[in-house]
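Biologist: I've got a chain here that I'd like to walk through with you. Can you pull it up so we can go over it piece by piece?

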Amino acid sequence: MTSQRVPRTGPNLRSRSVLAGQAAAAASEVEHWLAPRPDADAAAFFDVDNTIMQGASIYHFARGLHQRDFFTTGDIAKAAWQQVYFRLAGVEDPEHIAKARSSALAFIAGHSVRELEEVGEQIFDEHMAHKIWPGTRALAQQHLDAGQRVWLVTAAPIEIAAVIARRLGLTGALGTVAEHVDGVYTGELVGELLHGEGKAVAVTAIAEREGLDLARCYAYSDSHNDLPMLSLVGHPCAINPDPKLRSHAKDQGWDVRDYRTGRKVALAGGRVAGSGALAFAAWRAVRAVRRR
């Protein structure tokens, strides 16, 4: 007579199930205690151009649009000139910025919001990701790790700012709003550029909406044009500052961080060479775009 062996898996299986449940609960508890505690009263506000990113974000975005036949090589030549001016002078001139942003808005007129959102992610990978300043990115992450919210505040179009914020894992972005009707851009602005005093107004509105204590908030920028925003918070910081902001920050005892290399050499060369160097650099930038 052959005996049939009965598997002894019943009690063992139950004990393993209990163990699995306990382990899952324990892991969840560890994650809970390791996660940053929300700091609801404080937040950080970062400018983008030359603060989060090297150069002008609108120029990098324009290069990507040019490669997708949104506009001509002549248009990119103008953008290249503006970028060279920005990099050598290191100072944001309101009239210069207005012309640059108006040109950018002209590029997107007639295109759909969905189309810009789709190509924005691709352009970030192609032209922007490697332009992020590691030092500033680390600062933003420190605020996130402390449970604080982090917003970008920029004169660049909100579509660009939103992509950068999303890809860096930040809370959100405040930027210049382009008008669109039925999902298609008209080429006009809603109001004015988010620049200077406008940034301070936007930050104040966010603080009121989110219940932030501005005395506990942080702001970062490279430009003296952002003094209204920087002066609004309890912890302002100059990042890669222009001369006026550096001087003001020194007088006020603000924190100053500079992640640039060879900056003084570039500035000296720009002052000596003058407009001829600007023209030559712009010509080289256009040739580089054509080669790409």
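Biologist: What share of the 292 residues in the chain is buried?

Modeller: Keep in mind that this is a predicted model. Buried here means under 20% relative accessible area. Of the 292 residues in the chain, the buried ones make up 45%.

Biologist: And how many helices and strands does the chain have?

Modeller: There's a mix of both in this one. The count for the chain is 12 helices and 8 strands.

Biologist: Of the contacts with a separation of 6 or more, what share comes from residues 24 or more positions apart?

Modeller: One pair gives a feel for it: A173 and F45 sit 128 residues apart along the chain, yet their C-alpha atoms are separated by 9.1 Å. For the chain, residues 24 or more positions apart account for this share of the contacts with a separation of 6 or more: 64%.

Biologist: Okay, the sheet. In what order do the 6 strands of the open sheet come?

Modeller: Let's start from β1 (residues 43-46), which runs parallel to β2 (residues 149-157), with 4 bridges joining them. β1 also runs parallel to β6 (residues 218-221), joined by 3 bridges. Put into the open sheet of 6 strands, with parallel pairing, the order reads β3-β2-β1-β6-β7-β8.

Biologist: Which strands stand at the edges of that sheet?

Modeller: Look for strands with a single partner strand, since one side of each is then left without a neighbour in the sheet. From one strand to the next, the twist averages 20 degrees. The edge strands are β3 and β8 (255-257).

Biologist: Zooming in on β1, which residue of β6 stands opposite F45?

Modeller: F45 has partners in two strands, so to speak. In β2, its bridge partner is W151. F46, for its part, stands opposite L152 in β2. In β6, the residue opposite F45 is A219.

Biologist: Which residues of β1 point the other way from A43 and F45, and are they buried or exposed?

Modeller: In a regular strand the side chains alternate between the two faces of the sheet. A43 and F45 point one way from β1, and the residues pointing the other way are buried, as are A43 and F45 themselves. Those pointing the other way are A44 and F46.

Biologist: Moving to β3 (residues 172-176): is T176 buried or exposed?

Modeller: T176 has its place in β3. Setting aside neighbours within four places in sequence, T176 is in contact with a list of residues including T154, P157, L189 and L194. Its relative accessible area is 4%, and the cut-off is under 20%, so T176 is buried.

Biologist: Which residues does A173 contact, leaving aside neighbours within four places in sequence?

Modeller: A173 is another residue of β3. Apart from the neighbours within four places in sequence, A173 is in contact with W151, L152, I158, A161, A162 and A165.

Biologist: There's a hairpin too. Which residue in the hairpin of β4 and β5 takes a positive phi?

Modeller: β4 (residues 178-181) and β5 (residues 184-189) pair in the antiparallel sense over 3 bridges. V181 has V184 of β5 as its bridge partner. The hairpin has 2 residues between the strands, and the one with a positive phi, near 55 degrees, is D182.

Biologist: Now helices. How do α2 and α5 lie relative to each other?

Modeller: α2 (residues 57-67) and α5 (residues 113-128) pack with their axes 9 Å apart, at an angle of about 110 degrees. Among the contact residues are F61 and L65 of α2 and V119 and I123 of α5. By class, the contact has 6 nonpolar, 6 polar and 2 charged residues. Given that angle, α2 and α5 are roughly perpendicular.

Biologist: How many charged residues are in the contact of α5 with α7?

Modeller: The axes of α5 and α7 (residues 158-167) come within 10 Å and cross at roughly 70 degrees, which makes α5 roughly perpendicular to α7. The residues making the contact include E121 and D125 of α5 and R166 and R167 of α7. The contact has 5 nonpolar residues and 1 polar, and the charged ones number 4.

Biologist: Last one: how many disulfides are there?

Modeller: A disulfide is a covalent bond between the sulfur atoms of two cysteines. Cysteines in the chain include C217, buried at 0% relative accessible area, and C237, buried at 3%. With a cut-off of 2.5 Å between cysteine sulfur atoms, the count of disulfides is 0.

How values were computed
Residues are numbered from 1 along each chain as its sequence is written. This is a predicted model: local features need pLDDT of at least 70, side-chain atom pairs count only at pLDDT 80 or more; totals for chains, interfaces and linings use all residues. Side-chain values use heavy atoms; hydrogens and water are left out. Axes are lines fitted to C-alpha atoms, for helices over the stretch in contact, and angles run from 0 to 180 degrees between N-to-C directions. Angles under 35 degrees count as roughly parallel, over 145 as roughly antiparallel, 65 to 115 as roughly perpendicular and the rest as oblique. Contact means heavy atoms within 4.5 Å. Ala, Val, Leu, Ile, Met, Phe, Trp, Tyr, Cys and Pro count as nonpolar, Asp, Glu, Lys and Arg as charged, and the others, Gly among them, as polar. Buried means under 20% relative accessible area, exposed over 50%, partly exposed in between (1.4 Å probe, protein chains only). Two strands pair if DSSP finds at least two bridges between them.
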